[in-house]
Amino acid sequence: MKLRTLVFINAFAVGISIAAVNMYFQHKIIYSLVSLLIATIVSYFVFYYLINKYVYSKIKLIYKLIHSLKLGKDLKDALGEYISPDPINDVEQEVKEWARDKKLEIDDLKKQEKFRKEFLSNISHEFKTPLFAIEGYVEALKDGGLEDPKQAQVFLNKVSNNVDRLSVLIKDLNEISKIESGEIPINIEKFELTALVKEVMESLELKAKKYKIELVLKDKYDVPTWVKADREKIRQVLVNLIDNSFKYGKEHGHTFISIFSLHDQILTEITDEGIGINEEHLPRLFERFYRTDSSRSRQIGGSGLGLAIVKHIVEAHDQTINVRSTQGIGSTFGFTLQKAKENFINIPLIG
Ligand SMILES: Nc1ncnc2c1ncn2[C@@H]1O[C@H](COP(=O)(O)OP(=O)(O)OP(=O)(O)O)[C@@H](O)[C@H]1O
Ligand SMILES: [Mg+2]
């Protein structure tokens, strides 16, 4: 209901009351009508003035503030702008929506805060392990370890390995934060995926031998598989996934790579015959530093950032990555890429 109507009803009620009293004492209809008219008009203006000054303008201000804050404007903008002609009714709706939005915002912030805490504690743990090891070996060298040159060499090698581990950790963290902030652009080009897969397989041949795993391309794939993606980043994805299939694979087992053509995507799958992953770990597998079996993973010595980087890269392409796994039998990691159409022009896409 409009403010004017509200005020009029009130004023009319006062007018009627006064007219009725008048009628009772004077018994003259004309007097009553005159008093009805005058009382209604006077009450109307008095009520209107008072409500406007002390209630309505304040509600209007609250309405404007909430409405503008909801839109994310600052206070100055909020005060300088007029929005609803009927704030008394709208303010309720606005407050409800505002409260709902704020609740969602707070929930989101709480989640981020939890994630930040976990991240910080993970990061300090990851740094602590190699740092303590370095500290230990340096102490040992200082305390007479240098007298036996053979022993000293062993200690120095361990120091060097741990320094390597620290620098990989820093490199990976740097990479992940750059991809996340969009600092590393995704350079989309058209390329032939099978050729890249073969290239990566060749470069990892020696490593496969070291792990005693046979790296197998499932099919001949003699039909070209053209995709639109950042070739170097996809190389990184393949290397990371194949590297995992070795580290968590089975000696004398296989790593299979398959390429499937979907409707307008190409799906690449990397399958191993290794330890597999328990279902409870699958939802968190792509989080930074997440490891399923910390003793084995730590022993193998990754930083736990590989899959997080892989996921970021795939998602920066607006594509998806998924995993299927059975403990003791093996795991399959699959990611999609956009098929390239004819006459494709290179467009740099900021990820
Ligand atoms: N193919 C796989 N089979 C079984 N477990 C896996 C496989 N791939 C990853 N995992 C599990 O997921 C965890 C996270 O993998 P991720 O690649 O992110 O880290 P990482 O291999 O430990 O270290 P990094 O890749 O940074 O060197 C691993 O530690 C391992 O527990
Ligand atoms: Mg890895």
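This briefing walks through a ligand site, one strand residue and two loop residues. Keep in mind that the model you are looking at is predicted. Ligand 1 sits in the largest pocket, and a good place to begin is with the residues around it. After that we turn to Thr332, which lies in strand E8, and then to His27 and Lys212, each with a positive phi although neither is a glycine.

**Around ligand 1**

- Ligand 1 is surrounded by 20 residues. If you want to find the closest ones on screen, look for Asn244, Tyr248, Asp272, Thr292 and Leu307.
- Three elements each supply at least two residues of the shell around ligand 1: helix H8 (231-247), helix H10 (306-316) and strand E8.
- Now for the atoms. An oxygen atom of ligand 1 is 2.9 Å from a polar backbone atom of Gly304.
- Leu307 also offers a polar backbone atom, and here an oxygen atom of ligand 1 is 2.8 Å away.
- With Ser331 it's the side chain that takes part: one of its N or O atoms is 3.4 Å from a nitrogen atom of ligand 1.
- How much of ligand 1 does the protein bury? Taken alone, the ligand exposes 590 Å², and the protein buries 96% of that.

**Thr332 in strand E8**

- Strand E8 covers residues 330-339, and Thr332 is one of them.
- Is Thr332 buried or exposed? Its relative accessibility is 8%, and buried means under 20%, so Thr332 counts as buried.
- The side chains of Thr332 and Thr271 are joined by a polar contact of 3.1 Å.
- Thr271 isn't alone here. Leaving aside neighbours within four places in sequence, Thr332 is in contact with Glu269, Ile270, Thr271, Asn322, Val323 and Arg324.

**Two loop residues with positive phi**

- His27 isn't a glycine, yet it has a positive phi of about 55 degrees.
- You'll find His27 in the loop between helix H1 (3-26) and helix H2 (29-70).
- Because exposed means over 50% relative accessible area, His27 with its 61% is exposed.
- Lys212 isn't a glycine either, and its phi is positive at about 55 degrees.
- To spot Lys212, go to the loop between helix H7 (205-210) and strand E3 (214-217).
- What about its accessibility? Lys212 comes out at 43%, between the 20% and 50% cut-offs, so it counts as partly exposed.

How values were computed. Residues numbered from 1 in each chain as written. Chains lettered and ligands numbered in written order. Predicted model: local features only at pLDDT ≥ 70, side-chain atom pairs only at ≥ 80, totals over all residues. Heavy atoms only, no water. Helix = DSSP H or I, 4+ residues; strand = E, 2+ residues; numbered from the N terminus. Buried < 20%, exposed > 50% of the residue type's maximum accessible area, 1.4 Å probe, protein only. Polar contact = N/O pair within 3.5 Å; in protein donor to acceptor, adjacent residues only side chain to side chain. Contact = heavy atoms within 4.5 Å. Near = heavy atom within 4 Å. Areas by Shrake-Rupley, 256 points an atom, 1.4 Å probe, with all protein chains shown as cover. 1 Å grid on protein atoms, 1.4 Å probe; cavity = no way out; pocket = protein on both sides within 12 Å on 5 of 7 lines; lining within 4 Å. Sits in = over half its atoms within 2 Å of the grid points.
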